[in-house]
Amino acid sequence: MAHATMEPMNCTARVKDGRVEIWVPTQVPQMAREIAAKVAGVKTDQVTVHVTLLGGGFGRRLEVDFVGQAVQVAMACQGAPVQLVWSREEDMTHDFYRPMHLAKFQASVDDKGEVTSLRIKSAGDAITPRWMARAVPMLSGPIDMPDKTAAEGLFDLPYGFESQHMSHVATQSGVPVGYWRSVGHSHNAFFSESFIDELAVATKQDPLAFRLKLLQHAPRYAAVLQLAADKAGWGQALPAGHAQGIALHESFGSIAAQVADVSIEQGQIRVHRVVCAIDCGTVVNPDTVAQQMQSSVVYALSAALFGQIDIVGGVVQQTNFPNYPMVTLSQAPVVETHILPSTRHPAGVGEPAVPPLAPAVGNALFALTGKRQRALPLVV
């Protein structure tokens, strides 16, 4: 999946009198400074970086390929400032995409209907800094940067299964991949919370009650899940043609649960309301938390309903918003945020509400249609 930031990649650069000055919307000023110095052949202390507001980052602006390009062009312009702006089509077709992933889940159920073991095996590309060779081919030698492969990780479920086995197979598809809002959590949560729902159905238990039973020794998780369910009116009568789905996931030190109210209108999936509960530790500004929950839900819903990059003959087929659509204002659900009081240290809020959205909507669709959604994007 592409990042599809509203502001495409851009950078303004000036190379003059042995110094480099750049104005750039970046999530990594230090890396932007290092790539500019490397391209211009100067020391890093001869580079000045002005960080502008970002018209959307979501992990795409952790890459600095466009910074190196702008500096290259500025070097040829004899001291004049140069503003490089990618077109939407260039941005969409030259992204560092969220990698494809696949997972296989198996569970054992005893004669009492209790789940006794869980086995998970996943496969997908690790995130590696491929931008170096592609964006600035003339560079020699590495630029210091953190190891990006650590972001993927394996599943870390709070549920009290007696036996669990988890493994991952690292693949190399050849597609440039990078950080995408909530990284591996975005697909791992869809896999795990969809399967947890399947287990609840297979053992003839309510999805909420089934999860709470497995969280008896994880009270913090249970509290978040129960708060979301209570505020959403889980189990209460819904309008005709509506159904609810629930999901729970921890990421970036925060635990988030969501309940999605879903229907099908004119052959399209419609998400009317998403109730979010989060334990993100000590909260300084609750309005900021609510804004991030709203942003995460809309971003994740766009991905869940529409997000798909197809590559044919090495060429990305999606080029602009007509064939890579976003959720519009008329399609956006009402988002409610409920914060669990906590005295823990502050944790993340910019990404933790992304992972539960897709499984919550998928689980609601199963309740509504009886058809289990095992792939993204979701379809009717």
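Here a biologist and a modeller chat through a predicted model of this protein.

Biologist: What is the mean pLDDT of the protein?
Modeller: This is a predicted model, so confidence is the place to start. Of the protein's residues, 93% reach a pLDDT of 70 or more. The mean pLDDT is 93.

Biologist: Where does pLDDT stay under 50?
Modeller: Where pLDDT is low, the predicted coordinates should not be read in detail. The model does give the stretch in question 63 contacts beyond four places in sequence. Still, pLDDT stays under 50 there, over residues 130-153.

Biologist: Which strands are at the edges of the open sheet?
Modeller: The sheet has 3 strands in the order S5-S6-S7, with mixed pairing. An edge strand pairs on one side only, and that fits residues 101-109 and residues 163-171. The twist averages 10 degrees from one strand to the next. The edge strands are S5 and S7.

Biologist: How many bridges join S6 to S7?
Modeller: Strand S6 covers residues 115-125, and S6 and S7 run parallel. Within this pair, Leu-118 of one strand stands opposite Gln-164 in S7. The number of bridges joining S6 to S7 is 9.

Biologist: At about what angle does helix H5 run to S5?
Modeller: Helix H5 takes in residues 185-202. H5 lies across both S5 and S6. Its angle to S5 is about 25 degrees.

Biologist: Is Thr-5 buried or exposed?
Modeller: Thr-5 sits in the segment before strand S1 (10-16). Beyond its close sequence neighbours, Thr-5 is in contact with residues including Gly-55, Phe-58, Arg-88 and Asp-91. Its relative accessibility is just 1%, and the cut-off for buried is under 20%, so Thr-5 counts as buried.

Biologist: Which residue's backbone oxygen lies 2.8 Å from a polar atom of the Thr-5 side chain?
Modeller: Thr-5 is buried at 1% relative accessibility, and a polar atom of its side chain has a backbone oxygen 2.8 Å away. That oxygen belongs to Glu-7.

Biologist: Which side chain makes a polar contact with the side chain of Thr-203?
Modeller: Thr-203 is in the loop between H5 and helix H6 (207-214), and it is buried, with a relative accessible area of 15%. A polar atom of the Thr-203 side chain also lies 3.3 Å from the backbone oxygen of Ala-200. Leaving out residues up to four places away in sequence, Thr-203 touches Val-109, Gly-113, Val-115 and Phe-210. The side-chain partner, at 3.0 Å, is Gln-205.

How values were computed. Residues are numbered from 1 along each chain as its sequence is written. This is a predicted model: local features need pLDDT of at least 70, side-chain atom pairs count only at pLDDT 80 or more; totals for chains, interfaces and linings use all residues. Side-chain values use heavy atoms; hydrogens and water are left out. pLDDT is the predictor's confidence in each residue, from 0 to 100. Contact means heavy atoms within 4.5 Å. Two strands pair if DSSP finds at least two bridges between them. Helices (H or I, at least four residues) and strands (E, at least two) are DSSP runs, numbered from the N terminus. Axes are lines fitted to C-alpha atoms, for helices over the stretch in contact, and angles run from 0 to 180 degrees between N-to-C directions. Buried means under 20% relative accessible area, exposed over 50%, partly exposed in between (1.4 Å probe, protein chains only). A polar contact is a pair of N or O atoms within 3.5 Å; within protein, one must be able to donate a hydrogen and the other to accept it, and residues adjacent in sequence count only if both atoms are side-chain atoms.
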